[in-house]
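Let's take a walk through this structure together. Have a look at it first, and then we'll go from place to place.

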Amino acid sequence: MSAIKTYIDQNKNRFIEELISLLKLPSVSADKAYQQDVLNTADAVKNYLDKAGCKKVEICETPGNPIVYGEHIIDAGLPTILVYGHYDVQPADPIDLWDSPPFEPIIKKSESHPEGAIYARGACDDKGQMYMHVKAFEIMMSLKTLPCNVKFMIEGEEEIGSESLEWFVKRNQQKLSNDVILISDTGMISNEQPSITTGLRGLSYVEVEVTGPNRDLHSGLYGGAVANPINILTKMIASLHDENNHITIPGFYDKVIEASKEERLEMAKAPFSLEAYKKALDIEDVYGEAGYTTNERNSIRPTLDVNGIWGGYTGEGAKTVIASKAYAKISMRLVPDQDPDEITQLFKNHFESIAPKAVKVKVTPHHGGHAYVTPIDNIGYQAANKAYTETFGVPAIPQRSGGSIPIVALFEKELKSKTILMGFGLDSDAIHSPNEHFGVFNYLKGIETIPLFYTYFTEMYLNQ
Ligand code: BES
Ligand code: MN
Ligand code: MN
């Protein structure tokens, strides 16, 4: 057995216990009620990095949540890997749908994790995956095999748009200089078939408000004579897709780079079972843009989805009312080369233009970000693939993901470096959902694979 594997075997219970201690902290960035827990989590991450042997670790204050920054420089002639992750998590709601409390981690077996998985908010996204890097670093320090320099940057606002990280990156280009950025905050195809994420979608997120009459009205006295904002809003939303599920916003597709036939053929080779996909989600059929496969629809194509919609009476029983206002939160997932600000503007113009005179419409932009696609002919990808091949026994498949980590495109712009997305989660891990979990197998495999990336990247860097 390799020294790394032996070390993991002898320390795995502690590795799991430490992760559990982090998962007990409810670091929900979206809700100010958890502010103290957010700060405590940053401290806990700092302490664990210290303990792992990182020479310089600091809590960097920002206008928002602090960033944990660590640095272990051994030789200016060696390459530097910048590890990014996030310690904040999504809100746990709806709490009622969890089988166990979201911040009281437990280990349970599941269909995709026969060896057990850790159930807690943030288990996979991203505390579990972020912490793999701390433990991989501990291993390299203990075995005295760290082959290169490393910097850690663990933020606390990823789930709310990374505003402070953007602020931090723009002010610290020198401090953050690196030869490659390494992130574990994505997934892979399966535990038998690893994949490396080569693309992320961008995002434009807006909130809309439709106002009708200046007060809630009796739906009998006024119904039929004035615009009902909920009726109007739902009609407007429905019109945003045509019968082929194309998005109808003028100009929306103008900058979309169509994937080539070759690329689509290559994508289609990845193992995928439509039957298993439908079964896992308990759906009779899939649904989406005409002319594209399921895997294309959720990776290389842009989308528009209502994330939330409200208004009027939703309490018990029936109340006869025409509400004054109706609201929705709408996200658009973007692909290269769509520009998030431009798309937001196109949406706003269109949405305002389709509203009847009987209502007023307000569109408020939230966060956004550019899509990211990385080529595979670079030493970062090759080193990652070699590492996966060794620990999983088969080469990894490159795969574009539908999720977004908007800060990755900013890293490329500001720090001029490529990001390698070595994710170890599975789609079935229920990130952002009730009963989020992370396989113990995946956690330990990640810890085993990361040091190999360090080794191969350094070798390839020095030989190029
Ligand atoms: N880690 C996810 C993104 C992700 C998950 C990418 C799985 C690929 C595969 C990240 O924490 C996330 O949830 N991002 C948000 C965007 C953010 C601006 C709130 C998203 O994709 O909705
Ligand atoms: Mn994440
Ligand atoms: Mn997330």
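A residue counts as near a molecule or strand if one of its heavy atoms lies within 4 Å of it. With that in hand, start at ligand 1: there are 17 residues around it, and E158, D185, R333, S404 and H432 come nearest. Before going on, a word on what you're looking at: this is a predicted model, in which local features need pLDDT of at least 70 and side-chain atom pairs count only at pLDDT 80 or more, while totals for chains, interfaces and linings use all residues. Residues are numbered from 1 along each chain as its sequence is written, chains are lettered from A and ligands numbered from 1 in the order in which they are written, and side-chain values use heavy atoms, with hydrogens and water left out.

What holds on to ligand 1 in terms of polar atoms? A polar contact here is a pair of N or O atoms within 3.5 Å; within protein, one must be able to donate a hydrogen and the other to accept it, and residues adjacent in sequence count only if both atoms are side-chain atoms. R333 brings a polar side-chain atom to 2.7 Å from an oxygen atom of ligand 1. The side chain of H86 has an N or O atom 3.3 Å from an oxygen atom of the ligand, and a polar backbone atom of S404 sits 2.8 Å from one of its nitrogen atoms. On its own, ligand 1 exposes 520 Å², and the protein buries 88% of that (areas come from the Shrake-Rupley method with a 1.4 Å probe; for residues, only the protein chains shown count as cover).

Next, the metals. Donors are N, O and S atoms within 2.8 Å of the metal (3.2 Å for Na, K and Ca), and water is not among the atoms, so sites may look incomplete. The manganese ion (ligand 2) is coordinated by H86 (NE2), D125 (OD) and two OD atoms of D185, at 2.0 to 2.4 Å. Its six donor atoms subtend angles of 56 to 166°, so the arrangement is irregular. That word has a rule behind it: four donors count as tetrahedral if all angles lie between 85 and 135 degrees; four count as square planar and six as octahedral if opposite donors are over 155 degrees apart and all others between 65 and 115; anything else is irregular.

The manganese ion (ligand 3) is coordinated by D125 (OD), two OE atoms of E159, and H432 (NE2), at 2.1 to 2.5 Å. Here the six donor atoms subtend angles of 55 to 154°, which makes this arrangement irregular too. D125 bridges the two manganese ions, ligand 3 and ligand 2, which lie 3.6 Å apart. D125 and H432 link distant parts of the chain: D125 is in helix α3 (residues 123-142), H432 in the loop between β17 (419-421) and β18 (437-439), 307 residues apart. Helices (H or I, at least four residues) and strands (E, at least two) are DSSP runs, numbered from the N terminus.

Are these metal-binding residues buried or exposed? Buried means under 20% relative accessible area, exposed over 50%, partly exposed in between (1.4 Å probe, protein chains only). D125 is buried at 6%, whereas H432 is partly exposed at 40%. H86 and D185 are both buried.

Helix α3 also holds S142, whose side chain joins that of Y7 in a polar contact of 3.2 Å.

Last stop, the cysteines. With a disulfide taken as a pair of cysteine sulfur atoms within 2.5 Å, the whole structure has zero. The sulfur of C60 is 12 Å from the closest cysteine sulfur, in C54, too far for a bond. C54 is buried at 4%, and C60 is buried at 9%.
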